[in-house]
Amino acid sequence: MGLLGKLFGASTGSGESKQEEATPWIALNSMEQLDAIVENSKTKTQLIFKHSTRCGVSRMVINQFKKDYKLSENDADLYYLDLLNFRAISNAIAEKFQVRHESPQLLVIKNGVVVAHDSHGGINRLALGELV
């Protein structure tokens, strides 16, 4: 793998897939899921990670996020939104939760409202363990 691949998180084969399996992503790919996220947030913290698959910064942030993610599936539901394929859902998230769209971006939702959100490097500074 070349230097740029290492910097921007190009596929590394089995190591990456192993890490992918360790992060309990739920694909966010329908508008109906937004209503379920609001409802489920009444009993369990819901997280939405918005990611641009063509952006090097977004790739670096998500790689660091996956490396540092320590919550269990009992603590929170972790949704992954591919912005390039589901931009309409991203727009609906911005409207529904009154949070300006950014990429990459992480939203923490409890009791139907966003209690914390950040983008870019700030995502990995969010104290998720204290927010769930």
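**Charges, strands, helices and rings**

Me: At 47% relative accessibility, does K42 count as buried, exposed or partly exposed?
Reply: The relative accessibility of K42 is 47%, a value computed from a predicted model. Buried means under 20% and exposed means over 50%. With 47% lying in between, K42 counts as partly exposed.

Me: How far apart are the closest N and O atoms in the salt bridge that K42 forms with E39?
Reply: Side chains of opposite charge can pair when their charged atoms come close. E39 is partly exposed, with a relative accessible area of 47%. Its salt bridge with K42 is one of four found in a search of the whole structure, and the closest N and O atoms of this pair are apart by 3.1 Å.

Me: How many residues apart are D77 and K44, the pair that links distant parts of the chain?
Reply: D77 forms a salt bridge with K44, and the closest N and O atoms are 2.8 Å apart. D77 is buried at a relative accessible area of 15%, whereas K44 is partly exposed at 24%. D77 belongs to strand β3 and K44 to the loop between α3 and β2, so the pair links parts of the chain whose separation in sequence is 33 residues.

Me: Which residue forms a salt bridge with R100?
Reply: R100 is exposed, with a relative accessible area of 63%. The closest N and O atoms of its salt bridge are 3.7 Å apart, which is within the cut-off of 4 Å. The partner is partly exposed, with a relative accessible area of 21%, and is E102.

Me: Which strands stand at the edges of the sheet, each with a single partner strand?
Reply: The sheet is open, has five strands and mixed pairing, and follows the order β1-β3-β2-β4-β5. A strand at either edge has a single partner, so one side of it is left without a neighbour in the sheet. The strands in this position are β1 and β5.

Me: By how many degrees are neighbouring strands of this sheet turned against each other on average?
Reply: One of the pairings in the sheet is that of β2 (residues 45-51) with β4, which is antiparallel and runs over five bridges; within it, I48 has L107 of β4 as its bridge partner. With direction ignored, the average turn between neighbouring strands of this sheet is 25 degrees.

Me: Which residue takes a positive phi in the hairpin of β4 and β5?
Reply: Strand β4 (residues 105-110) and strand β5 (residues 113-119) pair in the antiparallel sense over six bridges, and V108 has A116 of β5 as its bridge partner. Two residues lie between these strands. The residue with a positive phi near 50 degrees in this hairpin is N111.

Me: At about what angle to β2 does helix α5 run?
Reply: Two helices can be placed against the sheet by their direction relative to β2. Helix α4 (residues 56-68) lies across β1, β2, β3 and β4, at about 145 degrees to β2. Helix α5 (residues 87-97) lies across β2, β3, β4 and β5, and its angle to β2 is about 135 degrees.

Me: Is the crossing of α3 and α5 left-handed or right-handed?
Reply: Two packed helices are described by the angle between their axes and the distance between the axes. The axes of α3 and α5 come within 10 Å and cross at roughly 40 degrees. L34, D35 and V38 of α3 make the contact with I89, A92, I93, K96 and F97 of α5, and the crossing is right-handed.

Me: Why is the pair of W25 and Y80 edge-to-face?
Reply: The structure holds five aromatic pairs, among them W25 and Y80, whose ring centres are 5.4 Å apart. W25 lies in strand β1 (residues 25-27) and Y80 in strand β3 (residues 76-82), so the pair ties together parts that are 55 residues apart in sequence. Planes over 60 degrees apart count as edge-to-face, so the reason is the angle between the two planes, 65 degrees.

Me: What is the angle between the planes of F65 and Y69?
Reply: Both residues are buried, F65 at a relative accessible area of 3% and Y69 at 10%. Together with W25, F49 and Y80 they form one aromatic cluster. The pair of F65 and Y69 is tilted, with 5.3 Å from centre to centre, and the angle between its planes is 45 degrees.

Methods. Residues are numbered from 1 along each chain as its sequence is written. This is a predicted model: local features need pLDDT of at least 70, side-chain atom pairs count only at pLDDT 80 or more; totals for chains, interfaces and linings use all residues. Side-chain values use heavy atoms; hydrogens and water are left out. Rings of Phe, Tyr and Trp (its six-membered ring) pair if their centres lie within 6.5 Å; planes under 30 degrees apart count as stacked, over 60 as edge-to-face and the rest as tilted. Helices (H or I, at least four residues) and strands (E, at least two) are DSSP runs, numbered from the N terminus. Buried means under 20% relative accessible area, exposed over 50%, partly exposed in between (1.4 Å probe, protein chains only). Two strands pair if DSSP finds at least two bridges between them. Axes are lines fitted to C-alpha atoms, for helices over the stretch in contact, and angles run from 0 to 180 degrees between N-to-C directions. Contact means heavy atoms within 4.5 Å. A salt bridge is a side-chain nitrogen of Lys or Arg within 4 Å of a carboxyl oxygen of Asp or Glu. A crossing is left-handed if the near helix is turned anticlockwise from the far one by less than a right angle, and right-handed if clockwise.
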